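Hello,

Here is the structure I promised to pass on. Please open it first, then read my notes below.

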There are 2 protein chains.
Amino acid sequence: MKKANAAIGFIGIGVMGKSMAEHILDAGYSLLVYNRTKSRADELAERGAVWKDTVAEVAKEADMIITMVGYPNDVEEVYFGNNGILSNAKPGTYVIDMTTSEPSLAKKIYVEAKNKGICSLDAPVSGGDVGAKNAELTIMVGGDKEDFENVLPIFEIMGKNIVLQGTAGAGQHTKMCNQIVIASNMIGVSEAMLYAKRAGLDPETVLKSISAGAAGSWSLSNLAPRMIKGDFEPGFFVKHFVKDMSIALAEAEAMGLRTPGLQLSKYLYDEIMEEHKGDKGTQILYELLDK
Amino acid sequence: MKKANAAIGFIGIGVMGKSMAEHILDAGYSLLVYNRTKSRADELAERGAVWKDTVAEVAKEADMIITMVGYPNDVEEVYFGNNGILSNAKPGTYVIDMTTSEPSLAKKIYVEAKNKGICSLDAPVSGGDVGAKNAELTIMVGGDKEDFENVLPIFEIMGKNIVLQGTAGAGQHTKMCNQIVIASNMIGVSEAMLYAKRAGLDPETVLKSISAGAAGSWSLSNLAPRMIKGDFEPGFFVKHFVKDMSIALAEAEAMGLRTPGLQLSKYLYDEIMEEHKGDKGTQILYELLDK
């Protein structure tokens, strides 16, 4: 794809999607954008992105379409709906779902796309709001090697650690591995920070000791400081994390895999959802356990 | 303490203790060693350490005594037994318990030591066998600031991240925070690696994607590769981890703190203990869940 005449469509301008789309725009590509709530695309439009009123319009005009929507249902609708991508994209178009979604759905998109001469990759990301802002996302990709190589320059605009994990669905499966690790780790990080507080320690000084050692993790370094400050604003939404864990649990169950940590985490975050705090950041688990 | 005439006693020559004692010897200090199983001190003796037949002999002759034993009961005996440290050490001696042990016991040692003019610090470590070998341990210290500053040069021989966390017991409490984080994270890491295998992914390629992102942790980088290879040899013993978690659970309960992740982890590692695998490394949780 040459920049001069390549148009990239971006569907889904959320916390992450907006930063990602900005980087593509900054790299000099024509950007066509669609979002369910139009106002969220205003800033991008001011910076030169072209607003499209429907997914179909984006699909018809773009040479590559990136989707970054909320839930598997949204992915399903955007790809398979009457005015969706697969009914409207030209043969030869690249479609890349960067939403964290179901591995089985990624495979379904791939097969249907292939039938129409469309190249499909599943490419969910990790790294949260900060990673998206700094173009340092981890991108986990499933699909054909040739397609991956052709799209790599675009991935490199948004991320740093970009790995082809296997055939269609492998990107989503890898993202599930990522979320499974985080699910249990969030519990440990929350419990430890509460323990520190109740033991009369200074939690920030505790972090100086434990962040660099065997307990060290991204969550401990990045989310524990927010917990301590009582900052529960979303880097990563509780409601999205619950969605991811639901997918992972269903997949694990289908594999006959024992995942007590994932189950416990899902149970705790469901409690947070019941408190209507799905729009908070995942670090709010700290607050739930502080009771 | 001047090297020329300072004798350091080291009690407890286990996986960690041996490396730590070696570094002190290499730094040029006189080293007096005692261990329940004498043969474990043979190599140190060949390198110039002086074997002592009892804790009391070490205590009488050393200017500073480091203890790195197994369980709180061992700590209790080594410090408070008839032939223990506190009955035999000279006033002005520094006693430093680097065993992971009970915060309340650390306070008890401190008070009793203070009564006898002995300076006590609790200074448990993190970083495992590799950290001990490379003199890169994290050392979490509780006690008086002046004592901490006097002992710091010795800590710096064994570790890199050395922080005074507060008064007596604060080192142990900080170590509990460390273990609480690890307890849940080990579950997530194990589940994710098993998920990767069952989903038909290449677990090592998955690690390339997820180790650097929001799921990244010391355990994921250092223990997941051992899980994948089926290497369950101890860096950190299951039996010691179970001991640590028991202490943390008791403390958390006393604080009225909800620790479902810690409870779950303790439950799972108890299953491993029932399989008589307490001498394996903590990464063996992977094997338990692979059923």
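Chain A and chain B are joined by 2 salt bridges. This is a predicted model, so treat every value here as computed from it. In one salt bridge, the side chain of Arg258(A) meets that of Glu271(B), at 2.7 Å from N to O. Polar contacts also link the chains: 26 residue pairs count, with both residues at pLDDT 80 or more.

Which parts of chain A touch chain B? Eight stretches each supply at least two residues. Two are strands, β8 (137-142) and β9 (159-166). The helices are α9 (170-198), α10 (203-210), α11 (218-222), α13 (238-255), α14 (260-274) and α15 (285-289). Helix α9(A) gives the most to this side, with 20 residues. By class, the side of chain A that touches chain B has 35 nonpolar, 20 polar and 8 charged residues.

Next, the contact as a whole. Chain A puts in 63 residues, and chain B puts in 62. About 5000 Å² is buried between the two chains. Carbon and sulfur atoms give 63% of that area. In chain A, Tyr195(A), Ala214(A) and Arg258(A) lose the most area to chain B. Together they make up 16% of what that side buries. Arg258(A) is also the residue in the salt bridge with Glu271(B).

Now look inside. How many cavities of 30 Å³ or more does the structure hold? There are 2.

The largest cavity holds about 50 Å³ of space. Its lining comes from chain B and includes Tyr79(B), Val95(B), Ile96(B) and Gln172(B). Three elements of chain B each give two or more residues to this lining: β5 (94-97), α6 (103-115) and β6 (119-122). The lining has 6 nonpolar, 2 polar and 2 charged residues.

The second largest cavity holds about 40 Å³. Its lining is in chain A: Asp97(A), Ala106(A), Ile109(A), Ser120(A), Leu121(A), Asp122(A) and Gln172(A). Here α6 (103-115) and β6 (119-122) of chain A each give two or more residues. Strand β6(A) gives the most, with 3 residues. By class, this lining has 3 nonpolar, 2 polar and 2 charged residues.

To find your way around, begin at Arg258(A) and Glu271(B), where the side chains meet. Then follow α9(A) along the side that touches chain B. Finish at β6(A), by the second largest cavity.

Best wishes

Methods: Residues are numbered from 1 along each chain as its sequence is written. Chains are lettered from A and ligands numbered from 1 in the order in which they are written. This is a predicted model: local features need pLDDT of at least 70, side-chain atom pairs count only at pLDDT 80 or more; totals for chains, interfaces and linings use all residues. Side-chain values use heavy atoms; hydrogens and water are left out. On a 1 Å grid over the protein atoms alone, a cavity is a set of points where a 1.4 Å probe fits but cannot get out, and a pocket is an open set with protein on both sides within 12 Å along at least five of seven lines; lining residues have an atom within 4 Å of a point. Grid points are joined across faces, edges and corners, and a volume is the space filled by probe spheres set on the points. Helices (H or I, at least four residues) and strands (E, at least two) are DSSP runs, numbered from the N terminus. Ala, Val, Leu, Ile, Met, Phe, Trp, Tyr, Cys and Pro count as nonpolar, Asp, Glu, Lys and Arg as charged, and the others, Gly among them, as polar. Contact means heavy atoms within 4.5 Å. Buried area is the accessible area (1.4 Å probe) that two parts lose on being put together, summed over both. A salt bridge is a side-chain nitrogen of Lys or Arg within 4 Å of a carboxyl oxygen of Asp or Glu. A polar contact is a pair of N or O atoms within 3.5 Å; within protein, one must be able to donate a hydrogen and the other to accept it, and residues adjacent in sequence count only if both atoms are side-chain atoms.
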